[in-house]
Amino acid sequence: MALIEVKVPDIGDFDEVAIIEVLVKAGDTVKAEQSLITVESDKASMEIPSSHAGVVKELRVALGDKVSTGSLVLMLETADVGAAASATAVPVAAPVATPIAEPAATMAPASAAAAVVAPGPIEITVPDIGDFDEVAVIELLVKVGDTVTAEQSLITVESDKASMEIPSSHAGVVKSLLVKLGDKVAKGTPIAVLEGVGGAAVAPAAAPAASASAPVSAPAVASAEVAAPVAAVAAAALPAHQPGTPSAALPHASPSIRKFARELGVPLAEVKGSGFKGRITQTDVQNFVRTVMTGSLQTVAQQAKAPAAGSEGAFPGLLPWPKVDFAKFGPIERKDMSRIKKISGANLHRNWVLIPHVTNHDDADITELEAFRVQLNKENEKSGVKVTMLAFMIKAAVAALKKFPEFNSSLDGDQLVLKNYFHIGFAADTPNGLVVPVIKDADKKGIFQISQEMSELAKKARDGKLGPADMTGGCFSISSLGGIGGKYFTPIINAPEVAIMGVCKSTIEPKWDGQAFQPRLTLPLSLSWDHRVIDGASAARFNVYFASLLADFRRIVL
Ligand code: CAO
């Protein structure tokens with residue numbers, strides 16, 4: 001048994017590199033080459049492995065500490081006395097199996113060309129990244145046509161222990177990209193062809209890691225660590241971080257976590273990091289998988305798939321949406337769905353699928369009310385405000401909500417939220433789709449005021465000028481197709497409301513008065529209700545009461 005010091009290996013002249021993860025704790029048994037800590041610079045990240053197997057006796061670093069080549073990481077109790085001696089004797093080289101020296105000259109492939117301002121296209125190649133050949137390209141940070149500056153990162157490469165961004169040696173316009181995602185690259189692999197813009201090349205001497213021994217740790221190089229911070233690792237080849245490059249938006253996780261996430265197919269960008277400075281840890285990835293598997297969370301890809309497929313994915317066991325080549329049957333044209341249709345469609349779909357709807361149909365005799373409405377409009381011709389049946393229905397809805405308060409409620413978990421206000425929405429048909437503006441405090445407004453507000457809101461709706469405040473807060477909705485036609489339909493409840501009244505065009509119907517049929521103006525009613533909150537008897541009563549108010553509007557003041 002011997003106690004040895006495990007130190008940071010030669011990581012070039014990158015001193016003061018932050019520890020962003022401590023992967024072991026005192027008492028842990030570690031294997032040789034097992035990662036102990038992760039360090040990170042602004043361009044690369046790297047895990048520092050143990051030089052020996054043993055038991056961690058004491059950690060000498062903490063999260064956030066800055067370390068350099070030779071910094072003491074921990075004390076390790078090892079059975080191998082000989083190894084211990086060599087570990088302490090050669091502290092720098094020991095920890096990493098084979099630290100790779102990267103003299104400035106190794107930047108030659110990229111920088112040599114840079115020394116001369118080439119008149120024609122310039123091929124950018126991977127600089128010396130040590131003896132790490134076959135490193136995977138995990139990100140393309142530029143595309144054809146992009147103008148890049150000298151030292152701007154072009155691609156990110158990754159091994160199982162580190163990741164790094166490969167910078168351009170020249171400024172210029174990207175003419176072609178010679179690698180794609182997943183390709184394996186090594187020193188000298190051509191990455192891109194740039195059309196030089198003259199004089200922008202990086203002189204070899206200016207190569208970022210001018211140090212004569214900027215190593216890339218062996219197990220290091222390649223993970224998808226694309227995020228803002230990447231480690232000092234291959235530092236030799238890495239220029240200073242350039243804010244604004246695409247990598248800045250990428251998630252913050254160490255190479256091994258990225259690999260772990262990739263193996264599970266976890267979209268790291270959607271995982272919330274709980275580690276130091278928001279870093280994503282293995283537990284975060286595992287928790288993410290757990291929540292997706294239990295159905296409490298959907299990935300962005302799953303969300304996007306559900307509505308597009310119509311059924312596939314959303315309902316296990318259901319047949320996929322039929323894919324038909326309509327052009328085979330005749331001429332077709334394609335049209336994008338309007339924004340409103342997409343939004344209202346998604347809402348209607350959710351409401352239809354999640355709410356157990358039942359629709360009760362009934363009729364209201366509006367013979368007298370229609371005569372009154374016509375008379376009112378005649379009397380107020382000059383006011384410019386036209387009263388339609390819908391205004392009376394809004395007032396009738398308020399009275400019915402007062403009499404049947406569960407219709408003026410919303411479900412919130414196991415609780416019913418009963419509202420003591422009366423905001424009534426009305427469906428409005430616009431060239432771009434369906435919207436539901438809301439008449440606020442309809443209980444405090446008269447028929448004329450409601451009519452006026454309705455016509456203003458309907459105009460705003462047609463002009464596409466409704467704001468969120470015009471469409472929120474509704475308690476109950478009315479969907480009137482009365483100006484168009486039809487008999488009955490099944491309106492979809494506008495969640496989180498629990499009921500909606502649909503009305504169609506009134507027609508003269510024969511009604512038996514006990515002695516003879518009388519011609520009566522009859523309004524078809526279709527009340528859809530949420531069976532979790534309301535039952536059929538209440539719905540029938542609501543309709544009967546609503547119809548009775550329209551039949552004799554004096555009842556509204558009772
Ligand atoms: N029976 C007979 N006639 C009716 C009627 C009814 N139930 N309701 C309205 N009318 C008449 C009106 O009196 C008016 O007649 P005049 O032109 O002779 O005055 C005419 O039909 C047009 O009325 P309107 O539609 O302009 O006015 P409104 O207040 O009834 O409705 C609005 C306003 C914005 C709700 C309506 O224009 C609209 O967009 N309706 C469509 C709603 C919809 O799409 N619902 C379906 C949702 S589910 O996809």
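In this predicted model, the side chain of Thr 388 places an N or O atom 2.6 Å from an oxygen atom of the ligand. Two further polar pairs involve nitrogen atoms of the ligand: one lies 2.9 Å from an N or O atom in the side chain of Ser 479, and one lies 3.1 Å from a polar backbone atom of Ser 480. The three pairs are set out below.

| Residue | Part of the residue | Ligand atom | Distance |
|---|---|---|---|
| Thr 388 | side chain, N or O atom | oxygen | 2.6 Å |
| Ser 479 | side chain, N or O atom | nitrogen | 2.9 Å |
| Ser 480 | backbone, polar atom | nitrogen | 3.1 Å |

On its own, the ligand has 960 Å² of accessible area, and the protein covers 66% of that area.

The shell around the ligand comprises 20 residues, of which Lys 386, Thr 388, Asp 429, Ser 479 and Ser 506 come nearest. By class, this shell consists of 10 nonpolar, six polar and four charged residues. Three secondary-structure elements each supply at least two residues of the shell: strand S21 (428–430), helix H9 and strand S24 (476–480).

Helix H9 (residues 447–462) also packs against another helix, H8 (residues 389–403); the two axes come within 9 Å and cross at roughly 115°. The crossing of H8 and H9 is right-handed. On the H8 side, the contact is made by Leu 390, Ala 391, Phe 392, Ile 394 and Lys 395, and these meet Ile 447, Ile 450, Ser 451 and Met 454 of H9. Divided by class, the residues of this contact are seven nonpolar, one polar and one charged.

Two features of backbone geometry can be added, each located in a loop between strands. Ala 495 and Pro 496 are joined by a cis peptide bond, with omega at about 10°. Pro 496 belongs to the loop that lies between S24 and strand S25 (499–503); S24 is also one of the elements that contribute to the ligand shell.

The other feature concerns Glu 33, a residue that is not a glycine yet has a positive phi of about 80°. Glu 33 is situated in the loop between strand S3 (29–30) and strand S4 (35–40).

Technical notes. Residues are numbered from 1 along each chain as its sequence is written. This is a predicted model: local features need pLDDT of at least 70, side-chain atom pairs count only at pLDDT 80 or more; totals for chains, interfaces and linings use all residues. Side-chain values use heavy atoms; hydrogens and water are left out. Axes are lines fitted to C-alpha atoms, for helices over the stretch in contact, and angles run from 0 to 180 degrees between N-to-C directions. Helices (H or I, at least four residues) and strands (E, at least two) are DSSP runs, numbered from the N terminus. A crossing is left-handed if the near helix is turned anticlockwise from the far one by less than a right angle, and right-handed if clockwise. Contact means heavy atoms within 4.5 Å. Ala, Val, Leu, Ile, Met, Phe, Trp, Tyr, Cys and Pro count as nonpolar, Asp, Glu, Lys and Arg as charged, and the others, Gly among them, as polar. A residue is near a molecule or strand if one of its heavy atoms lies within 4 Å of it. A polar contact is a pair of N or O atoms within 3.5 Å; within protein, one must be able to donate a hydrogen and the other to accept it, and residues adjacent in sequence count only if both atoms are side-chain atoms. Accessible areas come from the Shrake-Rupley method with a 1.4 Å probe; for residues, only the protein chains shown count as cover.
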